[in-house]
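Welcome, and take a moment to turn the model around before reading on. The paragraphs below walk through it step by step.

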Amino acid sequence: GDGYISLNEMERYLTSIFKVMYETLPGTKEKAGGATPEQLANATAEQIFIEADLNGDGKLSQEEFRRWYAQDEEVKLVAQVAEDWITVEETQRLTKLNNYSPQEAFDTMAEFATEDGCLTQKAFYQAFHALIRAKGGLQSQQDVDRLRLVLHKLFAIFDVDGNGVVDFSEMASGFSVLCHGDRHTKASAAFALYDYNGDGFISLSEMQRYLTSVFKVMYETQPGVKDQAGGLEPSELAIVTAEQIFVEADLNGDGKLSLDEFTKWYSQDTEVKAMTEAVPKSLSLDDLRRITMLQNFTPEAAFEIFAVKADGEGYLNKRSFFEAFKTIIEKTGSSFVTEAEKDQ
């Protein structure tokens, strides 16, 4: 966790990658000339340092590593292939998080955090090893190798500036989707994480911050989620989703969610995953006409409905905008046949 990658650290990481590749990609060992994962990792790591250690200090800074990584398409392909097996189910199995409620997992992780609420990479690994040991540990070297890759990947998505430290609250928020619990337990734990300033309410910015962490984890553990989200980055998807949540859940319109409002909304949603499934994909003009029911109205008739919802200055806020379309759909006497149509 010192912000640099040593040759030894690179060799250990690549050994884990090549072990997984050997077991999941038939023919890889033959292509590597019969070398063992350790031998291939040593040779590869040495070549990487020759190419990437620009100042010759025997270690790679984040900047050196990123510059080399961005230029080497073959290495990026190898890393992607090796990590394609990282799914929600496999991540839960290896980390044992599905054996913990969110609060139980957070309490253990918090023991390894610094006073200012951060986790170094070493502390991050220690926290997960404590969680795993408490639930019986891992039973094979194969799982140990896989876990090393999973933890490396999960830490990296929160260590955005590459300084070897992550924010505990943001990290815990993201991992909450991997824990078990009934709706009441998850709602309470999620609210506590959303409410970063502890005022008993969730602001829009707090919701966006939380969801950004959640979507980072989902993007890494659920193949295809980013494509479903139209290629949006986690932070962009979080903004869209948080605004939609406030439209649906902020019943008194005060711009913040109480625990009661949040619980009512949360109890209606199956999982945070459902949010991503509701992200609109590319829609044609015909799709928009059908879904909004505007095809059943003349322009004048539709404008009148919008005018009723507008304020005295002729403006519509997001809540009024959604209410106007809800009125349009209700006036047609129609309803959506499937949940997919409703999501769209």
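Helices here are DSSP runs of at least four residues, coded H or I, and they are numbered from the N terminus. With that in hand, one spot can be found right away: helix α6 is followed by Lys96, whose phi is positive, near 70°. Please keep in mind that this is a predicted model.

Let us step back for the overall picture. The protein has 344 residues, and 41% of them count as buried. Its secondary structure comes to 20 helices and six strands. Among contacts with a separation of 6 or more, 66% join residues that are 24 or more positions apart. The protein exposes about 18,200 Å², and carbon and sulfur atoms supply 51% of that area.

Now return to α6, which spans residues 88-95. Is this helix enclosed or open to the outside? Six of its eight residues are buried, so the helix is largely enclosed by the rest of the structure. Those buried residues are Val88, Glu90, Thr91, Gln92, Leu94 and Thr95. What do they pack against? Their partners are three helices, namely α8 (121-134), α9 (141-158) and α12 (204-221).

Just past this helix, Lys96 lies in the loop between α6 and α7. Its phi near 70° is a positive value in a residue other than glycine. Lys96 has a relative accessibility of 15%, and buried means under 20%, so Lys96 counts as buried. A second residue of this kind is Met293, where phi is again near 70°, positive in a residue other than glycine. Met293 sits in the loop between α17 (285-292) and α18. With a relative accessible area of 8%, Met293 is buried too.

The next stop is how helices meet. Two packed helices are described by the angle between their axes and the distance between the axes. Take helix α7 (residues 102-110) and helix α10 (residues 168-175), which pack at an angle of about 150° with their axes 11 Å apart. Angles over 145 degrees count as roughly antiparallel, and α7 and α10 are therefore roughly antiparallel to each other. Their crossing is right-handed. On the α7 side, Phe106, Met109 and Ala110 take part, and they meet Phe168, Met171, Ala172 and Phe175 in α10. What kinds of residue make up this contact? Seven are nonpolar, with no polar and no charged residues.

Helix α10 also has α12 as a partner: the axes of the two come within 7 Å and cross at roughly 55°. That angle makes α10 oblique to α12. Here, too, the crossing is right-handed. From α10, the contact is made by Glu170, Ser173, Gly174 and Phe175, while α12 brings Arg209, Tyr210, Ser213, Val214 and Val217. This contact divides into four nonpolar, three polar and two charged residues. Phe175 is worth finding on screen, since Phe175 of α10 appears in the contact with α7 and in the contact with α12.

Further along the chain, look for helix α18 (residues 299-309) and helix α19 (residues 318-331), whose axes come within 9 Å and cross at roughly 140°. That makes α18 oblique to α19. The crossing of α18 past α19 is right-handed. Which residues build the contact? From α18 come Ile305, Phe306 and Lys309, and from α19 come Ser320, Phe321, Glu323, Ala324, Phe325, Thr327, Ile328 and Lys331. By type, they divide into six nonpolar, two polar and three charged.

Another residue of α18 is Phe303. Is Phe303 buried or exposed? At 57% relative accessibility, Phe303 counts as exposed. From C-alpha to C-alpha, Phe303 and Ala324 are 9.7 Å apart in space, with their positions 21 residues apart in sequence.

To finish, go back towards the start of the chain and find Phe65 in helix α4 (residues 62-71). Leaving aside residues up to four places away in sequence, Phe65 touches Ile5, Met10 and Leu60. Phe65 and Leu54 are eleven residues apart in sequence, and their C-alpha atoms are 9.9 Å apart in space.

Methods
Residues are numbered from 1 along each chain as its sequence is written. This is a predicted model: local features need pLDDT of at least 70, side-chain atom pairs count only at pLDDT 80 or more; totals for chains, interfaces and linings use all residues. Side-chain values use heavy atoms; hydrogens and water are left out. Contact means heavy atoms within 4.5 Å. Buried means under 20% relative accessible area, exposed over 50%, partly exposed in between (1.4 Å probe, protein chains only). Axes are lines fitted to C-alpha atoms, for helices over the stretch in contact, and angles run from 0 to 180 degrees between N-to-C directions. Angles under 35 degrees count as roughly parallel, over 145 as roughly antiparallel, 65 to 115 as roughly perpendicular and the rest as oblique. A crossing is left-handed if the near helix is turned anticlockwise from the far one by less than a right angle, and right-handed if clockwise. Ala, Val, Leu, Ile, Met, Phe, Trp, Tyr, Cys and Pro count as nonpolar, Asp, Glu, Lys and Arg as charged, and the others, Gly among them, as polar. Accessible areas come from the Shrake-Rupley method with a 1.4 Å probe; for residues, only the protein chains shown count as cover.
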